[in-house]
Amino acid sequence: MADSNISKRGGFGSKFGIIAAAAGSAIGLGNIWRFPYVAGENGGGAFLLINLACILLIGIPLMLSEFIIGRNAQRNAYGSFKNIAPGSPWRFVGLMGVVTAFVILSFYSTVAGWTMEYVFQSFANGFEGKSPGQLIGMFAEFKGSSWRAVTWQMLFLILTAGIVLAGVQKGIEKYAKILMPLLLVLIIVLCVRSVTLPGAEKGLHFLFHPDFSKVNGSVILEALGQAFFSLSIGMGALITYGSYINKKDNLVSSAVIVSFADTFIAILAGVAIFPAVFAFGINPAEGPELVFITLPNIFLQMPGGYFFSIIFFVLLAVAALTSSISILEVVVAYFVEELNMKRKTATWVATLSSAMIGILCTASQGLIPWLQFGEMNFFDLLDYSSSKILLPFGGFFIALFIGWVMKPKVVIAEMSNNGIFKIPLFKVFQIIVKFIAPAAIALVFLYGIGVIG
Ligand code: TRP
């Protein structure tokens, strides 16, 4: 019986633990790597504004919804739906989340591997004396022509598995607490250097001056998908974490705090990147390599840049780890509780399967040129399909589930900890999850893929 596994479930120890763990999941490559690259490809200011609207209107309520489902059901993503709505097809929403976790972990580990290479290059002083053009060439050569990237990716996946194996409390909480504040400090240092570069105003203008003539359906869908990706919502990662949350913790304030912190870091990353992008004559629409070709330029222009560079890329790799463990945990919790696997077996089976897809992602950057689908290589395809299709679908159903399937009495009890906290905005929340979020997601999706518009 799976029950013996379920009774042994771990839990987060303290209030700070849940916020740190959820923020650890949310804050990662999505903020520092993905946000600048997607914002750059989608015109900057207007994208940011729409992204913020998506976070406020849909993101925060959905994060809260995932916490509620998980803590109420005390199960993994699949088991939570099964538990709350037994015998119904809703559990397939959870199953889709497990599949999405595989997809995301596969390309996420590629980028995390790139980050580790840049830790190595920082140590080896590999950026020294290179022009912006040479730094672009250096990255292209690294990602496209060697097995190095795959090796780093495997190392990253092994680290992720190691932490997940240590279990929820010892593994996840301990690491998240200490290092994230440090990352914040370092990004602020980078911002200061970046905005004082000659020509920096153009970057700030790009990021903060909305030009709505660049907005179309695809930009809006990107902004929505980026909100989901960055907040870790839409696939049950926060359902899974929610199931570890202490019954005394305040879900509403946790969701609000985590969402704001996550958004703040993404904006700071933008302030660190875009002024430098323009100052060094880099194309803001460069794509997934944007931060890897921009940041070394900033470090080269900083006193103590050698050390800052090492510390920054180490912390970025750690931020990626605290996110990737939350992705892997979705699969592991499912394997353990639903398929009755041992935690150890579950972790290695999940990691190995994801590694196999992941290798293809990394190799599609040049090593295996035929892994190409039209304009997109395999990496782009997984990145695209997760944030533009899978996460929005997941979010759509999670909103409907909270709004229409779960009893309001149960939702209120979970949100207020059985009446201990006041929830004055419950009506607003209810209208959002019942109507606004599902309708907005559906419209944005259909408009974004060109079905309507
Ligand atoms: N949000 C993380 C980041 O910004 C990535 C991530 C972790 C994620 N868990 C997730 C994305 C669940 C989507 C769903 O780096």
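Colleague: How do you know that the ligand sits in the largest cavity?

Modeller: In this predicted model, the ligand is assigned to the largest cavity. A molecule sits in a cavity if more than half of its atoms lie within 2 Å of the grid points, so the ligand satisfies that criterion.

Colleague: What makes Ala-26 a polar contact of the ligand?

Modeller: A polar backbone atom of Ala-26 is 2.8 Å from an oxygen atom of the ligand. The cut-off is 3.5 Å, so the pair qualifies. A polar backbone atom of Gly-30 is likewise 2.8 Å from a ligand oxygen. For Asn-31, a polar side-chain atom lies 3.4 Å from an oxygen atom of the ligand, and the protein covers 100% of the 360 Å² of accessible area that the ligand has on its own.

Colleague: Which residues surround the ligand most closely, and what is the class make-up of the shell?

Modeller: The shell holds 17 residues, the closest being Ala-26, Gly-30, Tyr-108, Phe-229 and Ser-232. Nine are nonpolar, eight are polar and none is charged. Helices supplying at least two shell residues each include helix 2 (15-26), helix 3 (29-41) and helix 6 (91-123).

Colleague: Among the 33 aromatic pairs of the whole structure, why is that of Trp-114 and Phe-292 called edge-to-face?

Modeller: The ring centres of Trp-114 and Phe-292 are 5.7 Å apart and the planes stand at 85°. Planes over 60 degrees apart count as edge-to-face, so the name applies. The pair links distant parts of the chain, with Trp-114 in helix 6 and Phe-292 in helix 14, 178 residues apart.

Note on methods. Residues are numbered from 1 along each chain as its sequence is written. This is a predicted model: local features need pLDDT of at least 70, side-chain atom pairs count only at pLDDT 80 or more; totals for chains, interfaces and linings use all residues. Side-chain values use heavy atoms; hydrogens and water are left out. A residue is near a molecule or strand if one of its heavy atoms lies within 4 Å of it. A polar contact is a pair of N or O atoms within 3.5 Å; within protein, one must be able to donate a hydrogen and the other to accept it, and residues adjacent in sequence count only if both atoms are side-chain atoms. Accessible areas come from the Shrake-Rupley method with a 1.4 Å probe; for residues, only the protein chains shown count as cover. On a 1 Å grid over the protein atoms alone, a cavity is a set of points where a 1.4 Å probe fits but cannot get out, and a pocket is an open set with protein on both sides within 12 Å along at least five of seven lines; lining residues have an atom within 4 Å of a point. Helices (H or I, at least four residues) and strands (E, at least two) are DSSP runs, numbered from the N terminus. Ala, Val, Leu, Ile, Met, Phe, Trp, Tyr, Cys and Pro count as nonpolar, Asp, Glu, Lys and Arg as charged, and the others, Gly among them, as polar. Rings of Phe, Tyr and Trp (its six-membered ring) pair if their centres lie within 6.5 Å; planes under 30 degrees apart count as stacked, over 60 as edge-to-face and the rest as tilted.
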